[in-house]
Amino acid sequence: MGEPDTIQIFVPLKVRRKNGRPKILPPADYLPSEDQTQDPHILRAIGRAWGWRRRMETGEFSTVRDLAIAVNLAERHVSRQLRLAYLAPEVLKRLVFGREVSAVTVMQLSECAGLPWQAQEEWVFGEVGRDCREKWNNH
């Protein structure tokens, strides 16, 4: 009897639950190919954050709480996403205009917004950031 016509391929992925949904995480040494585009969730979140920032700067809303009520979202969520409007210019340029793919989530990106600008770029795109993101994903 001959060999079967099928082959098996092993892809080392981790499945973790995020917000009650399963999320497939790529291996730690995964480098996305250049033909991929940025995660639309990240682009949408950055755009929304800048829109909210503009609305607050013009005086339409005086507090994050007022903004959260107006957009019908939790204050904590609005506050966290609003941080994306304060990312380093180089990080924004690489994410939005260059559509450079990074392995960060919207939540991780909002957390890194509090870092100094140079550290943000290293965290999002560099080797040090890959180690930090890996630790983040495993907790």
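This passage walks through salt bridges, a helix face, a loop residue and a surface patch in a predicted model.

Salt bridges make a handy starting point, and the structure holds 6 of them. One sits in helix H1, which spans residues 40–57 and includes arginine 53. Here arginine 53 pairs with glutamate 57, with 2.9 Å between the closest N and O atoms. The two residues are 4 apart in helix H1, so about one helical turn separates them. Glutamate 57 counts as exposed, since its relative accessibility is 55%. Arginine 53 also has company from further along the chain: setting aside neighbours within four places in sequence, its contacts are Leu82, Ala85 and Tyr86. Arginine 83 belongs to that stretch of sequence too, 30 residues away from arginine 53, and the C-alpha atoms of the two arginines are 9.2 Å apart.

Another salt bridge joins arginine 55 to glutamate 60, again with the closest N and O atoms 2.9 Å apart. Both partners are partly exposed, arginine 55 with a relative accessible area of 29% and glutamate 60 at 45% relative accessibility. A further bridge brings together the side chains of glutamate 75 and arginine 65, at 3.7 Å from N to O. This pair links distant parts of the chain, with glutamate 75 in helix H3 (residues 75–82) and arginine 65 in helix H2 (residues 64–71), 10 residues apart. Glutamate 75 is partly exposed, its relative accessible area being 37%.

Then there is helix H6, residues 117–125, where Gln120, Glu121, Trp123, Val124 and Phe125 are buried. Looking down the axis of H6, these buried residues fall within an arc of 165 degrees, so they line one face of the helix. Glutamate 121 makes a polar contact, side chain to side chain, with arginine 94 at 2.9 Å. Beyond its neighbours within four places in sequence, glutamate 121 touches Glu90, Val91, Arg94 and Gly126.

Threonine 105 turns up in the loop between helix H4 (89–97) and helix H5 (106–112). Despite that loop position, threonine 105 counts as buried, because its relative accessibility is 11% and the cut-off for burial is under 20%. Residues up to four places away in sequence aside, threonine 105 is in touch with Lys18, Lys23 and Ile42.

Out on the surface, Leu13, Val15 and Ile24 make up a nonpolar patch, together offering about 300 Å² of accessible area. Leucine 13 lies in the segment before strand E1 (14–18). With 42% relative accessibility, leucine 13 is classed as partly exposed.

Methods: Residues are numbered from 1 along each chain as its sequence is written. This is a predicted model: local features need pLDDT of at least 70, side-chain atom pairs count only at pLDDT 80 or more; totals for chains, interfaces and linings use all residues. Side-chain values use heavy atoms; hydrogens and water are left out. Patches are made of residues with over 30% relative accessible area and no salt bridge: like charges are joined within 9 Å, nonpolar side chains (Val, Leu, Ile, Met, Phe, Trp, Tyr) within 5 Å. Accessible areas come from the Shrake-Rupley method with a 1.4 Å probe; for residues, only the protein chains shown count as cover. A salt bridge is a side-chain nitrogen of Lys or Arg within 4 Å of a carboxyl oxygen of Asp or Glu. Buried means under 20% relative accessible area, exposed over 50%, partly exposed in between (1.4 Å probe, protein chains only). The arc is that of the directions from the helix axis to the C-beta atoms. Contact means heavy atoms within 4.5 Å. A polar contact is a pair of N or O atoms within 3.5 Å; within protein, one must be able to donate a hydrogen and the other to accept it, and residues adjacent in sequence count only if both atoms are side-chain atoms.
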